[in-house]
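Here's a quick briefing on one protein model. Have a look at the structure first, then work through the points below.

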Amino acid sequence: MRILLVEDDLPLASALQVSLKSEGFVVNHVNQGKVALNALSAPDQDMIILDLGLPDIDGLEVLNQLRKQKSSLPVIILTARDSLESKIKGLDYGADDYLVKPFEIQELMARLRVIERRLGTASSALICVGQVKLDTFAHKVFVGGDNADTEIECHFSKKEFMVLKALMENAGRILSREQIESKLYHWGEEVLSNAVEVHIHKLRKNLPDKFIQNVRGVGYIINNSY
Ligand code: CA
């Protein structure tokens with residue numbers, strides 16, 4: 001999941017980025033409303049965390065513009081404005097959720113998971129394909145037998161896990177290298193040209209034979225029928 005974080009409180013923004021990234025989200029951060037609107041013209045965001053008090057245009061105006069463009073991108077407002085009137089306004093402008101600062105990070109994560117489930121990208125914590133089971137909340141991967149006793153846990157790096165998650169969520173569909181990269185890297189982060197291949201190589205070493213298939217010149221696929 002890619003999150004656009006619109007927040008001008010820089011210490012809060014960087015703390016949020018650390019937490020979100022550790023949960024496996026890819027975060028793009030901007031600190032102004034107009035920059036956010038620009039960023040939103042690119043189709044590669046899955047949801048927005050939106051502050052209202054921004055230095056240029058109000059967060060509500062960002063939301064308003066977004067909905068005028070018929071975008072249904074999920075928006076969580078994260079703001080110090082705690083009046084009932086402000087909450088109602090935010091929701092009526094088209095926000096999916098409204099969280100008041102100060103907030104507990106666990107609550108924000110739980111609300112993000114609600115949106116993920118609604119989007120169908122995380123219908124449950126567990127994604128199972130064949131003998132491979134991926135727990136998206138605990139960030140664990142198990143391979144193996146017919147019952148929990150014979151399962152073996154595989155240990156992967158965060159990026160390897162994210163590659164596997166992307167492929168398993170899209171089981172039966174080919175993902176190109178670019179599509180996989182877009183789920184792994186944040187804006188401005190340098191991407192090594194063979195990074196995806198390296199992650200796939202490490203994954204394959206620990207997963208059943210032919211679980212991840214290479215479709216030459218196109219990308220990678222995990223077959224539903226595996
Ligand atoms: Ca602010």
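Asp51 is buried, with just 5% relative accessibility; buried means under 20% relative accessible area, exposed means over 50%, and partly exposed is in between, using a 1.4 Å probe and protein chains only. Keep in mind that this is a predicted model, where local features need pLDDT of at least 70, side-chain atom pairs count only at pLDDT 80 or more, and totals for chains, interfaces and linings use all residues. Residues are numbered from 1 along each chain as its sequence is written, and side-chain values use heavy atoms, with hydrogens and water left out.

**The calcium site**

- Asp51 (OD) is a donor to the calcium ion along with Asp8 (OD) and Gly53 (O), at 2.2 to 2.4 Å; donors are N, O and S atoms within 2.8 Å of the metal (3.2 Å for Na, K and Ca), and water is not among the atoms, so sites may look incomplete.
- Asp8 sits in the loop between strand 1 (2-6) and helix 1 (10-22), and Asp51 in the loop between strand 3 (47-50) and helix 3 (59-68), so the two tie together parts 43 residues apart in sequence.
- Helices (H or I, at least four residues) and strands (E, at least two) are DSSP runs, numbered from the N terminus.
- Asp8 is partly exposed, at 32% relative accessible area.

**The nonpolar cores**

- The largest nonpolar core has 30 residues, and Leu164 is among those touching the most other members; such a core is a set of buried Ala, Val, Leu, Ile, Met, Phe, Trp, Tyr and Cys residues joined through side-chain atoms within 4.5 Å.
- Helix 6 gives the most to this core: seven residues.
- A second, separate core of 20 residues includes Val6 and Leu73.
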